[in-house]
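Please consider the following structure together with its sequence. The paragraphs below lead through it one region at a time.

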Amino acid sequence: MAYRLLWADDEIELLNAHIIFLQAKGYEVTKVTNGLDAIDACRTTTFDLVLLDENMPGLSGLETLIRIKEIMPATPVVMVTKSEEEDIMEQAIGSKIADYLIKPVNPHQILLALKKNIHHKEIVAEKTNSAYQQNFGKLGMQISDSLTIEDWIDVYRKIIFWEFELEHADSGMHEMLKTQKEEANTMFARFIKKNYLQWITGERTNRPMMSHDLFRERIFPLIDKGEKVFLIMIDNFRYDQWRVLANEISTDFIIEEELYTSILPTATQYARNAIFAGLMPAQIKSMFPQFWVDEEEDEGKNLNEKSLIETQIARYRRRDTFSYNKVITSQAADKYIDTIRNLHGNDLNVFVINFIDMLSHARTESMMVRELASNEAAYRSITHSWIRHSAITRLFRYLAESNYTVVITTDHGSVQVNNPVKVVGDKNTNTNLRYKLGKSLGYNPKEVFEIREPAKAMLPSPNISTSYIFATGADFFAYPNNYNHYVQYYKDTFQHGGISLEEMLVPLITLRPKGK
């Protein structure tokens, strides 16, 4: 493919050697000597890049630039100038030039500008593919050798790093990474099966930080140091989605990033209530039965979050003042932000955002949303669009100018499921696709993580014979009745409740405004 260049310069004949050099490299070069001819050329021909002299008689380079951008807004324009005056550069940059070169230019400078602005994606993709291939074996060995939760956090971070790097690479690399991610989730599930019950019954020194530890280990110590804490709880917020948000706010905040381990089930009813209560689910039901709602009950499962925070503060004999707010719509978020200054006297402000969880459910139920978020990259892209165009941008702008220490976290993540696993349950069995609890479950024990004695996992037991089972990797539970319809409807949806890197290893971020 020959790339087309337009070069506008009133001394174009003096640049013939440069043009011959570019033609030898395979470029087609159209030459003009003034701005009006450059504009006419852009009306009749599509160019891949424009080289534009800043100082031409008649229409100036800057005026020509504006007119060309009206015709071809996406075409990169490289300004070539003798002047290094700051105001000219600012005007050119403000008019969205792709690059600028200072005369006299040599052919290799021009070639470098072309590589940067025309071939950038090709070069980056080629180098990224090569780098991933070189690291493929190392990552595979690390997956096999991971023995601790810290090892798995490192593996997961590397997988997400390569997902971002390979987002625009060829499909072959994507498939290799997808296979490695599946292998990692298989090995991670074995790790969880081996260690989870020991973590729950053991001392904190022998297990990772988990949902019920967050307030005691991360929130209360900040308040004790005299910091005003603003806790943002984004429901169903995965680590890759945090990386998208990080790119948006990194210029305004100093970021401390860590991942913690969600309890099982990785579902809001269990994990978020554990965070706010500082207790495991069975402990909540035992100590505060008025705040726990069993699966089979129709009542909302997260209506008592403010009360659970109050119990945790009281249990540690603290006197912290706090506010609690949960929003579902952008309008509600805007209204909250309008009154946020009234909350500054509190030691702690808790703000729960449900958008991503709503997106996950909408993707399951709506064919249009499923098309918009057809894969991991598209799912992240919708998250990115929400971050940029919703009230959350305004919230972080305010927090960047405030004296708050901001903590961002979530209760669990989600995983894209594609492999149905048959399970049989009675009419009282819960509807979640990634975990089931009941007294007469039928399943293949080799395909799930089963907990026959819920008390050992500090989980409520509605009946004396209740068991819990959890799906792993990309599995989801399907009933034999109407099996094909069930599988077709839920395959490739994002679900939570089970065991995967995406669901269990979730972000815990501390932000401090750079101006603080």
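In which sense, parallel or antiparallel, do strand β3 (residues 49-53) and β4 pair, and over how many bridges? In this predicted model, the two strands pair in the parallel sense, over 4 bridges. One point of register is given by D53, which stands opposite V80 in β4. Between the two strands the chain passes through a helix: β3, helix α3 (residues 61-71) and β4 make a right-handed β-α-β unit.

This pair belongs to a wider arrangement. An open sheet is formed by 5 strands in the order β2-β1-β3-β4-β5, with parallel pairing. The edge positions are taken by β2 (28-32) and β5, and each of these has a single partner strand, so one side of each is left without a neighbour in the sheet. From one strand to the next, the twist averages 20°. Strands of a sheet pair through backbone hydrogen bonds, in either a parallel or an antiparallel sense.

Strand β4 (residues 77-81) also pairs with the edge strand on its other side. It is joined by 4 bridges to strand β5 (residues 99-102), and the two run parallel. Here V78 stands opposite D99 in β5. How many of the 5 residues of β4 are buried? The count is 5 of 5, and the strand is accordingly described as mostly covered. The covering extends to both of its faces: V77, M79 and T81 are buried on one side, and V78 and V80 are buried on the other.

The helix of the β-α-β unit can be related to this strand through one residue. L62 has its place in helix α3. Its relative accessible area is 12%, which is under the 20% limit, and L62 is therefore buried. L62 and M79 are 17 residues apart in sequence, while their C-alpha atoms are 8.7 Å apart in space.

At the opposite end of the sheet, strand β1 (residues 4-8) is joined to β2 by 5 bridges, and these strands run parallel. L6 stands opposite T30 in β2. Two helices are associated with this part of the sheet. Helix α1 (residues 16-24) lies across β1 and β2, running at about 155° to β2. Helix α2 (residues 35-44) packs on the sheet and touches β1 and β2, and its direction makes about 160° with that of β1.

Attention now turns to the nonpolar interior. The largest nonpolar core has 113 residues, of which Y196, F276 and I408 touch the most other members. Helix α8 (residues 171-201) gives the most to this core, with 10 residues. Apart from it lies another core, of 20 residues, with Y3, I12, V105 and I110 among them.

What surrounds F276? With neighbours within four places in sequence left aside, F276 is in contact with F215, L231, M233, E305, L308, I309, Q312, Y324, V350 and V352.

Helix α11 (residues 268-277) includes T268. Is T268 buried or exposed? Its relative accessible area is 12%, and because buried means under 20%, T268 counts as buried. Beyond residues up to four places away in sequence, T268 touches D235, N273, N302, D411 and H412. With one of these, H412, there is a polar contact of 3.1 Å between the side chains.

Helix α18 (residues 391-400) offers a further example of a covered element, since 7 of its 10 residues are buried. The buried residues of α18 are A391, I392, L395, F396, Y398, L399 and A400. An α-helix has 3.6 residues a turn, so residues three or four places apart point the same way.

The last region to consider contains antiparallel pairing. Strand β13 (residues 435-438) and β15 pair in the antiparallel sense over 4 bridges, and the bridge partner of K436 in β15 is I469. Strand β14 (residues 449-451) is joined to β15 by 3 bridges, and these two also run antiparallel. In this pairing, I451 stands opposite Y468 in β15. From strand β15 (residues 467-470), S467 and I469 point one way and Y468 and F470 the other way, and all are buried.

Definitions and conventions. Residues are numbered from 1 along each chain as its sequence is written. This is a predicted model: local features need pLDDT of at least 70, side-chain atom pairs count only at pLDDT 80 or more; totals for chains, interfaces and linings use all residues. Side-chain values use heavy atoms; hydrogens and water are left out. Buried means under 20% relative accessible area, exposed over 50%, partly exposed in between (1.4 Å probe, protein chains only). Two strands pair if DSSP finds at least two bridges between them. A crossover is right-handed if, with the strands pointing away from the viewer, the path from the first strand over the helix to the second runs clockwise. A nonpolar core is a set of buried Ala, Val, Leu, Ile, Met, Phe, Trp, Tyr and Cys residues joined through side-chain atoms within 4.5 Å. Contact means heavy atoms within 4.5 Å. Axes are lines fitted to C-alpha atoms, for helices over the stretch in contact, and angles run from 0 to 180 degrees between N-to-C directions. A polar contact is a pair of N or O atoms within 3.5 Å; within protein, one must be able to donate a hydrogen and the other to accept it, and residues adjacent in sequence count only if both atoms are side-chain atoms.
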